[in-house]
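Here is a short walk through one protein model, written for someone who likes to keep the structure open while reading. Turn the view as you go.

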Amino acid sequence: MVTDDIDCSHYMKDFYAQPVPLRNPRAKALLAHIENNHSTLAFCRRWIEDSGFEKHLIPLKQLVDAGIVNAYPPLVDVPGSYVAQFEHTVLLRPTCKEVLTRGDDY
């Protein structure tokens, strides 16, 4: 069973997000920074810290709560196990590799 971890570090601006009035000037400044530097590409909190935004957690949470930015928490399983995400299901056999979910996009 895979669950979300409590500490989220990766985010991405929602491409389809509708304009929302923001009252917090720090949230407005952070949104402008995200739009200018990352657009709709994924980014991590460390990059925001490295660019000079020191207390960014509350403005970032406001952007997530408003639906402008999506949070992508890490996937975790039981301690000591490995978790991986793949776009396709791959079957590894001794003599070959077979993609089981092959579709029009592959």
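## Contacts across the chain

Among contacts between residues at least 6 apart in sequence, 68% join residues at least 24 apart. Keep in mind as you look that this is a predicted model.

## Overall layout

The protein has three helices and seven strands. Starting at the N terminus, the order of the elements is β-β-α-β-α-α-β-β-β-β.

The protein is made of 106 residues, and 22% of them count as buried. Its exposed surface comes to about 8300 Å², with carbon and sulfur atoms supplying 55% of that area.

## Helix α3 and its two sides

Helix α3 is a good place to zoom in; it covers residues 57–65, and P59, L60 and L63 are buried there. Looking down the axis of α3, you will find its buried residues within an arc of 100°, so they line one face of the helix. Turn to the other side of α3 and you meet I58, K61 and D65, which are exposed.

What do the buried residues of α3 pack against? Their partners are the strands β2 (10–13) and β4 (69–72), together with the helices α1 (25–37) and α2 (45–50). Just after α3 comes G67, which takes a positive phi of about 85°.

## A histidine in a loop

Next, find H38 in the loop between α1 and β3, the strand at 43–44. Is H38 buried or exposed? Its relative accessibility is 13%, and the cut-off for buried is under 20%, so H38 counts as buried.

Which residues does H38 touch? Leaving aside residues up to four places away in sequence, H38 is in contact with H33, F43 and W47.

## Cysteines

How many disulfides does the structure hold? The number is zero.

Two cysteines are worth finding in the view. C8 has a relative accessible area of 11%, and C44 has one of 9%. Buried means under 20% relative accessible area, so C8 is buried and C44 is buried as well.

Technical notes
Residues are numbered from 1 along each chain as its sequence is written. This is a predicted model: local features need pLDDT of at least 70, side-chain atom pairs count only at pLDDT 80 or more; totals for chains, interfaces and linings use all residues. Side-chain values use heavy atoms; hydrogens and water are left out. Buried means under 20% relative accessible area, exposed over 50%, partly exposed in between (1.4 Å probe, protein chains only). Helices (H or I, at least four residues) and strands (E, at least two) are DSSP runs, numbered from the N terminus. The arc is that of the directions from the helix axis to the C-beta atoms. Contact means heavy atoms within 4.5 Å. A disulfide is a pair of cysteine sulfur atoms within 2.5 Å. Accessible areas come from the Shrake-Rupley method with a 1.4 Å probe; for residues, only the protein chains shown count as cover.
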